[in-house]
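The following exercises concern the structure shown below. Each consists of a task, followed by a solution in steps.

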Amino acid sequence: MDRSKPAAASAAAFYRRLTSTRSSLRLAAMLSAAFLLAAAPFGPAAGSPEGEGPGDGEGKRSLGARTIAPPAPVWIIAAYDTAGKPNMMTASWVGIACSRPPSVAVSLREATYTFGCITAGGAFTVNIPSTALAAVAAYAGSVSGRDEDKFSATSTTPVASELVNAPYVKECPLVLECRVSHTFELGLHTMFIGEIVDVKADAAVLGENGLPDPETLAPFVYWVGEGGFYGLGDRLGSVRELARQFMP
Ligand SMILES: Cc1cc2nc3c(=O)[nH]c(=O)nc-3n(C[C@H](O)[C@H](O)[C@H](O)COP(=O)(O)O)c2cc1C
């Protein structure tokens with residue numbers, strides 16, 4: 001594919017923009033936005049703002065090799081430090097890892113205080129916050145337990161798990177108690193696989209089937225890049241109903 005023409009056209013467009021004062025302001029805003037995106041912790045901006053980039057094709061714009069796979073869960077990971085002080089941090093690089101044995105995966109940077117807590121204690125809890133706890137999750141993901149007691153700062157309550165060597169967050173309606181079964185150093189993040197020893201739920205969030213109800217549990221997700229929390233949207237239908245459209 002000949003990329004020289006789009007590049008020349010882009011250069012001319014760039015020059016025309018520079019020569020117009022009003023457009024220069026708009027361009028400055030665009031460049032600041034590009035800078036902010038490039039400085040984001042989720043990786044540098046990729047793909048050209050105009051025309052095709054190297055990975056473009058079939059009407060899609062390449063965004064580069066980045067961790068963009070929305071939506072990302074919002075979990076609060078809790079563990080004890082070596083002095084036995086409970087700490088919590090928010091994590092979104094997380095998910096279910098295995099059905100049997102029931103396991104989760106959480107990927108933490110070694111620089112986090114929680115990393116050292118989990119490494120030392122061999123256990124953690126996953127605490128699923130409801131939307132009422134969005135500010136707690138934001139705070140737990142913004143300051144370190146090295147410097148602050150995040151439980152007392154947020155008036156939340158650490159409760160000692162009787163099954164694993166970790167505290168859980170009483171105010172979170174759903175809690176998974178996990179024992180570390182595997183650790184994988186991946187690069188910037190280290191993935192802890194936690195075998196789920198028990199799941200505890202507030203009775204108030206359980207539906208008629210005895211399992212968490214999406215509306216009362218009210219979990220929320222993180223939108224990578226934009227940096228916002230979002231609640232769940234509408235129910236689209238059951239998998240069985242939806243799949244039936246394509247079945248004879
Ligand atoms: C929504 C959100 C998601 C986050 N996800 C992760 C993650 O998956 N892994 C990670 O290492 N840090 C993640 N962080 C950053 C940590 O929560 C943050 O560095 C925190 O201060 C670490 O706390 P600690 O030092 O007490 O362990 C996230 C932050 C936010 C706000």
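**Exercise 1. State which residue in S10 stands opposite arginine 179, and describe the pairing of S9 with S10.**

Step 1. Opposite arginine 179 stands glutamate 195 of S10. The model is a predicted one, in which local features need pLDDT of at least 70 and side-chain atom pairs count only at pLDDT 80 or more, while totals for chains, interfaces and linings use all residues. Residues are numbered from 1 along each chain as its sequence is written.

Step 2. S9 and S10 run antiparallel and are joined by 11 bridges. Strands (E, at least two residues) and helices (H or I, at least four) are DSSP runs, numbered from the N terminus; two strands pair if DSSP finds at least two bridges between them.

Step 3. With three residues between them, S9 and S10 form a hairpin, and glycine 187 in the turn has a positive phi of about 155°.

**Exercise 2. Determine the order of the seven strands in the open sheet and explain why S3 and S4 each have one side without a neighbour.**

Step 1. The order is S3-S2-S6-S9-S10-S5-S4, and the pairing is antiparallel.

Step 2. Strand S3 (86-91) and strand S4 (94-98) lie at the edges; each has a single partner strand, so one side of each is left without a neighbour in the sheet.

Step 3. From one strand to the next, the twist averages 35°. Such angles run from 0 to 180 degrees between N-to-C directions, and the axes are lines fitted to C-alpha atoms, for helices over the stretch in contact.

Step 4. Strand S2 (residues 75-80) is joined to S3 by six bridges, and isoleucine 77 faces methionine 89 in S3. Elsewhere in the sheet, seven bridges join S5 to S10, with valine 106 opposite phenylalanine 192 in S10.

**Exercise 3. Identify the strands that helix H3 touches, and give the angle between its direction and that of S2.**

Step 1. Helix H3 (residues 113-121) packs on the sheet and touches S2, S3, S5, S6, S9 and S10. Contact requires that the C-beta atoms of two residues, placed from the backbone, lie within 7 Å.

Step 2. The direction of H3 makes about 55° with that of S2.

**Exercise 4. Describe the largest nonpolar core and state which element gives the most to it.**

Step 1. A nonpolar core is a set of buried Ala, Val, Leu, Ile, Met, Phe, Trp, Tyr and Cys residues joined through C-beta atoms within 7 Å. A residue is buried if 20 or more other C-beta atoms lie within 10 Å of its own, exposed if 12 or fewer, and partly exposed in between.

Step 2. The largest such core has 40 residues, and those with the most contacts inside it include Trp75, Ile77 and Phe124.

Step 3. S2 gives the most to this core, namely six residues.

**Exercise 5. Characterise the shell of residues around the ligand.**

Step 1. There are 22 residues around the ligand, of which Trp93, Thr114, Gly141, Ser144 and Gly145 come nearest. A residue is near a molecule if its C-beta atom, placed from the backbone, lies within 6 Å of it.

Step 2. S3 gives the most to the shell, with four residues.

Step 3. The shell divides into 10 nonpolar, 10 polar and two charged residues. Ala, Val, Leu, Ile, Met, Phe, Trp, Tyr, Cys and Pro count as nonpolar, Asp, Glu, Lys and Arg as charged, and the others, Gly among them, as polar.
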